[in-house]
Amino acid sequence: QVQLVESGGGLVQPGGSLRLSCVASGSIFSIYAMGWYRQAPGKQRELVAAITSGGSTNATDSVKGRFTISRDNAKNTVYLQMNSLKPEDTAVYYCNAVLQVAGTKFYRHYWGQGTQVTVSS
């Protein structure tokens, strides 16, 4: 019932920029938060940045000052503007949404399919 569709990944040179987008659609009652995770070869999946519907944000230290997360609540869309990209940022990036289950106080995580970001010269 819920689908997350990602776009914007690709190949970029060090120092370059990319903008990722993720649109949530389907049976959505309420979105508590949306965000981005990434998983690089040989590493665990980690949170990159997240934003609540109220605008509160959180990001991992390694991307602070370079990445900016934003959201369009009306469109159920989250963005990740990635600047000053480094080879260490190379990973599969996954969109995540935390949705409230209708009629309850519980929440459920949904995931996108992942999009490859490769930073290389």
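N96 stands opposite W111 in β10. This pairing is one detail of a predicted model, and it is a convenient place to enter the fold. β9 and β10 are joined by 5 bridges and run antiparallel. The two strands form a hairpin with 6 residues between them, and within this hairpin G103 takes a positive phi near 80 degrees.

W111 also takes part in an aromatic contact. The model holds 2 aromatic pairs. In one of them, the ring centres of Y37 and W111 lie 4.9 Å apart with the planes at 65 degrees; an angle over 60 degrees counts as edge-to-face, so this pair is placed in that class. A pair of aromatic rings is described by the distance of the centres and the angle of the planes. Y37 belongs to strand β4 (residues 30-39) and W111 to strand β10 (residues 107-111), so the pair links distant parts of the chain, 74 residues apart. Is W111 buried or exposed, or does it fall in between? Its relative accessible area is 38%, and W111 is therefore partly exposed.

β9 has further partners. Between β4 and β9 there are 9 bridges, again in the antiparallel sense. Within this pairing, I31 has L99 of β9 as its bridge partner. β9 is also joined to strand β11 (residues 115-119) by 3 bridges, and these two strands run antiparallel. There, Y93 stands opposite T115 in β11. Strands of a sheet pair through backbone hydrogen bonds, either parallel or antiparallel. β9 is mostly covered, with 8 of its 10 residues buried.

One residue of β9 is C95, and it leads to the covalent link in the model. How many disulfides does the structure hold? The structure holds 1 disulfide, formed by C22 and C95 with their sulfur atoms 2.0 Å apart. C22 sits in strand β3 (residues 18-26) and C95 in strand β9, so that the pair links distant parts of the chain, 73 residues apart. The torsion about the S-S bond is -85 degrees, which makes the link left-handed. Both C22 and C95 are buried.

The strand that carries C22 belongs to another sheet arrangement. This is an open sheet of 4 strands in the order β1-β3-β8-β7, with antiparallel pairing. β1 and β7 (67-72) stand at the edges; each has a single partner strand, so one side of each is left without a neighbour in the sheet. Neighbouring strands of this sheet are turned by 15 degrees against each other on average, direction ignored. At one end of the order, β7 and β8 pair in the antiparallel sense over 6 bridges, and R71 has V78 in β8 as its bridge partner. In a regular strand the side chains alternate between the two faces of the sheet.

At the other edge, β1 (residues 2-7) contains E6. E6 has a relative accessible area of 8% and is therefore buried. Which residues does E6 contact, leaving aside its neighbours within four places in sequence? They are S21, C22, W36, Y93, Y94, C95, G112, Q113, G114 and T115. This list includes C22 and C95, the two residues of the disulfide. The C-alpha atoms of E6 and S21 are separated by 5.5 Å, although the two residues are 15 apart along the chain. A polar atom of the E6 side chain lies 2.3 Å from the backbone nitrogen of C95. For the backbone nitrogen of T115, the distance to a polar atom of the E6 side chain is 3.5 Å.

A second acidic residue to examine is D89. D89 lies in the loop between β8 (77-82) and β9 (91-100), two strands already met above. At 2% relative accessibility, D89 counts as buried, because the limit for that class is under 20%. Its side chain is joined to that of R38 by a polar contact of 3.0 Å. Not counting residues up to four places away in sequence, D89 touches R38, R66, F67, S84, V117 and V119. Among them, F67 falls in β7 (67-72), while V117 and V119 fall in strand β11 (residues 115-119).

Note on methods. Residues numbered from 1 in each chain as written. Predicted model: local features only at pLDDT ≥ 70, side-chain atom pairs only at ≥ 80, totals over all residues. Heavy atoms only, no water. Buried < 20%, exposed > 50% of the residue type's maximum accessible area, 1.4 Å probe, protein only. Contact = heavy atoms within 4.5 Å. Polar contact = N/O pair within 3.5 Å; in protein donor to acceptor, adjacent residues only side chain to side chain. Disulfide = S-S within 2.5 Å. Pairing = 2+ DSSP bridges. Axes fitted to C-alpha atoms, helices over the stretch in contact; angles between N-to-C directions. Phe/Tyr/Trp six-rings, centres within 6.5 Å; stacked < 30°, edge-to-face > 60°.
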